[in-house]
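Visitor: Could you walk me through this one? I'm new to reading structures.

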Amino acid sequence: MTDELQQPLWELDNITKVYPGVRANDGVSIALYPGEIHALLGENGSGKSTLIKILSGVQQPDSGAIRYMGKEVKLENPTAARRKGVATVFQEFSLVPTLTVAENIFLGQPIRRGGAWLDWKRMQQQAAEILRRLEIELAPGRLVGELSVAEQQLVEIAKAIHTDAKLLILDEPTTALGENEIKALHGLLRRMKKHGVAILYISHRLDEVVGLVDTVTILKDGKVVSTREQTTLDVNVIIQRMVGREIKQHYPKQANATEDVLLEVHHLSSRGGVREVSFKVRRGEVFGLGGVIGSGRTEIARALFGVDRLTDGEIYVDDKKYVISSPRDAINAGIALVPENRKFDGLFFNFSGAPNISSAGLRQLVTAGMIQKRREGIMARHYVEDLEISPNAIHQLVLFLSGGNQQKVVIARWLFANSRVLILDEPTQGIDIAAKVAVYNLINQLTAEGRAVVLISSDHNELIAMSDRIGIVRSGSIVEIRDARDVNHSHLVQASAGELGKSNAQGD
Amino acid sequence: MAQRSWISRVTQADFVGPLAALLAISAFIAITTPGFLDLQNFRNISLQMAVLAIVAIGSTVVILTGGIDLSPGSMIAILTMALAVMIKMEGWALWLSLLLTLVLGGLLGAINGALVAYLRIPAFIATLATLSAFRGISLTIAGGSPIFQLSEDLRQLFYGTLFGIPLPFVYVVVLYLIFYVLLDHMKLGREIYAVGGNESAAKLSGINVARVRFLAFVLAGVCTAIGAVLLAARLNSGSPNYGDGVELQAIAAAVVGGASLAGGRGRIFNTLIGALIIIVVQNGLNLNAVSTSMQNLTIGLIIVVAVGFDIWGRPIRQWFGGLRRATA
């Protein structure tokens with residue numbers, strides 16, 4: 001642990017920031033020490049983002065002091081913060097997909113050789129050097145657009161710290177990462193910590209925070225509700241503080257599985273890389289798909305939903321055989337897909353809630369060629385009440401809804417389309433704990449109604465707790481199916497990591 | 001939940017900006033230019049705007065899907081020539097010639113649609129190609145010379161009146177109503193907005209994205225054909241030189257009316273307001289004997305200012321929106 005006598009590298013003292021109608025930060029104080037990993041936790045809207053924006057010079061506090069090595073400073077813009085060694089990795093990626101890894105790392109601060117000429121050779125060399133130092137196995141000449149999300153995340157970090165970073169701020173760096181990538185990232189952070197870098201780490205996933213960080217600060221409604229002295233690193237205590245009430249069960253699993261088979265898949269293979277996949281899901285059952293990112297879980301979902309062309313296999317829903325060659329066919333068969341990336345694949349941001357919900361089952365609302373908008377409104381209101389979606393969803397563009405509400409809107413779409421089998425691909429990614437629990441309750445509601453759920457999740461605790469059975473996916477095939485209660489964390493990691501020859505290099 | 005007051009509903013409505021701009025511009029011209037407020041001038045404006053307003057419907061539909069159509073100007077050249085040949089050289093009945101012209105417009109639109117939706121050539125490139133190709137085809141019809149004196153009945157389609165109302169005005173109103181119903185109340189319209197808003201989500205909602213894109217171009221072709229018929233009727237002739245630059249004015253009308261070139265956002269009646277703004281400005285400049293080059297320059301300025309207002313206005317509106325939510 002940190003020496004208490006040491007001077008903090010950065011100190012925020014009584015910071016307040018007010019936006020129209022909301023006190024985003026209300027007298028927040030926090031101290032960051034060199035060589036310490038400091039977690040900043042809180043639900044969405046608790047003020048975490050505002051705080052890191054202030055610390056990285058993107059926004060100015062209305063009152064309060066920022067101190068750097070004991071001296072009060074003003075961070076008027078991001079450049080000022082960067083000059084003082086603050087490197088921030090924001091949630092939204094800031095990489096240019098058509099440029100190489102090296103070009104991205106030096107974007108904005110290129111090395112010149114006399115006048116306007118850029119020194120590409122030295123940038124290549126230095127990029128390679130940075131990647132080597134961080135133990136990131138990536139060729140600096142590769143195009144960023146061709147990298148996986150996880151690799152892009154690592155490039156993002158390399159870009160942030162290539163200047164001599166003394167403070168690294170990470171805003172939910174693991175949302176898109178799998179278990180192994182998270183391990184690699186944590187290894188990287190521990191090494192940086194040893195070199196005396198201060199790290200501010202923001203995450204929704206409490207399980208990973210516990211093993212990694214030295215101190216925890218919890219924000220709620222713009223105020224610090226727990227400081228370094230008071231916090232013990234106990235998940236239940238943290239959750240309680242964050243939500244402000246005790247959540248009885250983080251995973252309120254109901255066992256609703258029946259004996260009655262609803263979805264049957266035989267020898268499914270697809271152009272997307274799915275190979276010989278067979279499984280059954282019963283009415284009321286949650287069938288989990290576990291495995292690392294890139295193992296083929298999402299591809300199985302895409303094949304079932306008619307997005308990727310099938311090359312072989314048969315799909316039965318309720319004992320009836322369906323030929324599925326487009327999403328429309330899948331929808332008609334009663335299969336639904338809630339995609340991994342609701343921002344890019346799920347929502348119509350130009351619509352309010354009602355047309356978002358009706359989009360897959362619009363036919364039901366059409367009489368004599370006309371969409372019955374009154375019925376559409378009634379339908380939307382019904383789902384808003386039933387799924388406890390924010391009432392604003394009816395009139396407001398879904399753009400303005402929280403992540404949890406957005407996810408519920410996408411799920412409501414499939415309920416309206418009378419889907420019997422719902423494939424949920426990372427349904428709780430990037431939403432806060434209260435919203436996660438709401439999604440879990442929704443899964444219970446779906447299974448209680450006799451629907452079947454195929455759950456894809458990289459959060460192992462969630463996958464094990466919410467599934468009835470789990471299929472472990474490797475290289476596009478299901479290698480093993482087990483009862484969820486017989487599966488544990490290390491089992492999932494081991495079983496799915498078989499394909500990663502280098503996984504032993506990431507051990508601690 | 002608080003019911004939204006009618007004041008906030010009116011001020012939030014998306015036609016307010018363009019309509020206010022139209023009224024302000026009209027007021028300014030009315031004050032500075034004698035003759036603008038004459039009944040005869042209003043008649044002129046309604047005649048002048050018909051072709052543009054109708055072609056702009058098609059452009060808006062394509063823009064709503066996230067595409068763009070650069071070919072209507074050249075399409076008009078082919079269509080007026082084809083109509084002229086059918087009436088004057090083949091001597092076919094007017095109704096048959098008109099019908100075939102509309103079908104031909106739909107077919108030309110289908111060529112654009114097939115290139116974009118099924119061969120997946122970006123709309124800008126595909127219609128840039130047909131912009132050139134269609135003009136070329138029009139020059140091969142009847143040796144490329146204009147055909148005059150088509151038919152008095154055809155002329156009456158433009159210069160006639162219905163209960164004293166100029167017919168072009170009637171066409172515009174009827175077509176805009178039809179497309180309002182299509183876009184706002186029918187499945188295809190909803191799908192057009194969905195494809196433009198988020199193609200991937202549309203696909204995953206079971207919408208046949210390629211079909212929607214294709215049909216949007218077919219509709220644009222039919223709208224252009226109606227515009228071409230009116231132009232041929234007005235000038236009682238067909239020519240491979242007709243329609244030059246109409247596509248840009250039609251796109252400008254949609255954009256000035258607030259349609260987003262990214263797709264998914266825009267209202268059909270706003271396009272009508274956009275077309276009116278362009279025509280009213282042209283009319284005002286004409287009355288003041290301003291040269292064509294200066295008119296083009298002015299329209300360029302209008303586009304920049306209109307889009308600028310939309311973009312600068314967004315943070316302001318969001319701020320007010322945030323305030324209202326916070327106090328609700």
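Visitor: Which residues in helix 4 of chain B meet helix 12 of chain B?

Guide: First, this is a predicted model, where local features need pLDDT of at least 70, side-chain atom pairs count only at pLDDT 80 or more, and totals for chains, interfaces and linings use all residues. Residues are numbered from 1 along each chain as its sequence is written, with chains lettered from A and ligands numbered from 1 in the order in which they are written. Helices are DSSP runs of H or I, at least four residues, numbered from the N terminus, and a contact means C-beta atoms, placed from the backbone, within 7 Å. On the helix 12 side sit Val246(B), Glu247(B) and Ala250(B), and they're met by Pro72(B), Gly73(B) and Ile76(B).

Visitor: How are helix 4 and helix 12 of chain B oriented to each other?

Guide: Their axes, lines fitted to C-alpha atoms over the stretch in contact, come within 6 Å and cross at roughly 130°. Angles run from 0 to 180 degrees between N-to-C directions; under 35 is roughly parallel, over 145 roughly antiparallel, 65 to 115 roughly perpendicular, and the rest oblique. Helix 4 and helix 12 of chain B are therefore oblique.

Visitor: What is the bridge partner of Val338(A) in strand 19 of chain A?

Guide: Strands are DSSP runs of E, at least two residues, and two of them pair if DSSP finds at least two bridges between them. Strand 16 (residues 335–338) of chain A runs parallel to strand 19 (residues 421–425) of chain A, with four bridges joining them. For Val338(A), the partner in strand 19 is Leu424(A).

Notes. Two residues are in contact if their C-beta atoms, placed from the backbone, lie within 7 Å. A residue is buried if 20 or more other C-beta atoms lie within 10 Å of its own, exposed if 12 or fewer, and partly exposed in between; C-beta atoms are placed from the backbone.
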